[in-house]
Amino acid sequence: MTFAILLHVGLVVLLLWNFAFKPEKQDKKFVDSPVKARLVTAPETPKKNATSLKKQQQRQKELEDAKKRLEQKKLEEKKLEEEKQAEQKQQELDKQKAEQEKKLAEQKKLEQQKEEQQKIDQQRKAEAEKKRLAEEAEKKRKADIERKKKEAEAKKKAEAERKRKEAERKKREEAERKRKELETLEASLDDELFEADKGAVRQTQIMSEVSKIQRAIRAKIIRNWDMPNFEGLCVMRISMGPGGIVLNSESVEGDFEYCESAKVAINRAAPLPSSDDPEVMAELKNLRMTFDPSQK
């Protein structure tokens, strides 16, 4: 574009130069030849006629018009250049704006994705926490059930033990009462009656001692008995020797597991309670004992 402007300026300057310095044609009537005119007389200054002056004015106007057109063209080209630069600048601004909007959209999309992921993570965390609490609650519930079950079993065993001890206490008290009654009876008899009935009294004493030792034997064996966990019974025959040694034990009737557990209990309890009185031991050498849940 700069080259085009310089070319136009050069053309205008060349036209002005030609118009300003082009010589007027001399009138041939004043000189015959250029050489003679220069040698004989000094040439007169030619006068410009009205036509020549008019032509010069017209040329001058044309030059001014050309100059104006050139300046107008320069202005138009400058305006076009400015408009082009403005358009390029606007396009650059639009491009920057589009890129900025694209970045903002991408950033917004990333933020939305991040928020969605956070929501998913929070939901998963809440579900995991809910599951953990449910598992802990279920574990606690089972532990409570197991604890209550153990407490009930312990209470049942404690109650059974209390009843057993209470029964033993009552039996001992009853035996002691009978013994005292017998002693009182014996003390009240006079010597003749006592001598006459000495055999019966002796037999009563023997049987009282036998009964007492039998209760002691039963109590010791029951303490060592692991009762099966189902209903049943067993009748055992026990052969006992001096000092309470167990010579033999055999089942008379009953369930196999009950009888096996009874044999184990008898062996554990040996030696059994005994007496130094041969007559008492004679009564105790063969015993029958029943094993059933009521014994516990």
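In this predicted model, Leu-284 offers a starting point: leaving aside its neighbours within four places in sequence, Leu-284 is in contact with Val-210, Ile-213, Gln-214 and Met-240. Leu-284 also belongs to the largest nonpolar core, which has 24 residues, and it is listed there among those with the most contacts inside the core, together with Ile-217, Ile-221, Met-236, Ile-238, Leu-272 and Phe-291. Several elements build this core, since at least two of its residues are supplied by each of H5, S1, helix H6 (256–269), helix H7 (278–284) and S3.

From the core one can turn to the strands. Strand S1, which spans residues 234–240, is mostly covered, with 6 of its 7 residues buried. On one side of the pairing, S1 runs antiparallel to strand S2 (residues 246–254), and 7 bridges join the two; within this pair, Cys-234 stands opposite Gly-254 in S2. The hairpin formed by S1 and S2 has 5 residues between the strands, and in that hairpin Gly-243 takes a positive phi near 75°. S1 is also joined to strand S3 (residues 286–291), again in an antiparallel arrangement, by 6 bridges, and here Arg-237 has Arg-288 of S3 as its bridge partner. As a general point, side chains in a regular strand alternate between the two faces of the sheet.

The helices lead to another feature, the largest pocket, whose volume is about 770 Å³. Its lining is made of 34 residues, of which Lys-171, Ala-175, Ser-211, Lys-212 and Arg-215 are the closest to the centre of the pocket. The elements that contribute two or more residues to this lining are helix H3 (50–188) and helix H5 (198–223), and H3 gives the most, with 15 residues. Sorted by class, the lining of the largest pocket holds 19 charged, 9 nonpolar and 6 polar residues. H5 therefore appears in two settings, because it is listed both among the elements that supply at least two residues of the core and among those that give two or more to the pocket lining, with the elements themselves taken as DSSP runs.

A last residue to consider is Glu-168, which lies in helix H3. Is Glu-168 buried or exposed? Glu-168 counts as buried because its relative accessibility is 18%, and the cut-off for buried is under 20%. Leaving aside neighbours within four places in sequence, Glu-168 is in contact with Ala-219 and Arg-223.

Technical notes: Residues numbered from 1 in each chain as written. Predicted model: local features only at pLDDT ≥ 70, side-chain atom pairs only at ≥ 80, totals over all residues. Heavy atoms only, no water. 1 Å grid on protein atoms, 1.4 Å probe; cavity = no way out; pocket = protein on both sides within 12 Å on 5 of 7 lines; lining within 4 Å. Points joined across faces, edges and corners; volume = space filled by probe spheres on them. Helix = DSSP H or I, 4+ residues; strand = E, 2+ residues; numbered from the N terminus. Nonpolar A, V, L, I, M, F, W, Y, C, P; charged D, E, K, R; others polar. Buried < 20%, exposed > 50% of the residue type's maximum accessible area, 1.4 Å probe, protein only. Pairing = 2+ DSSP bridges. Contact = heavy atoms within 4.5 Å. Core = buried A, V, L, I, M, F, W, Y, C linked by side-chain atoms within 4.5 Å.
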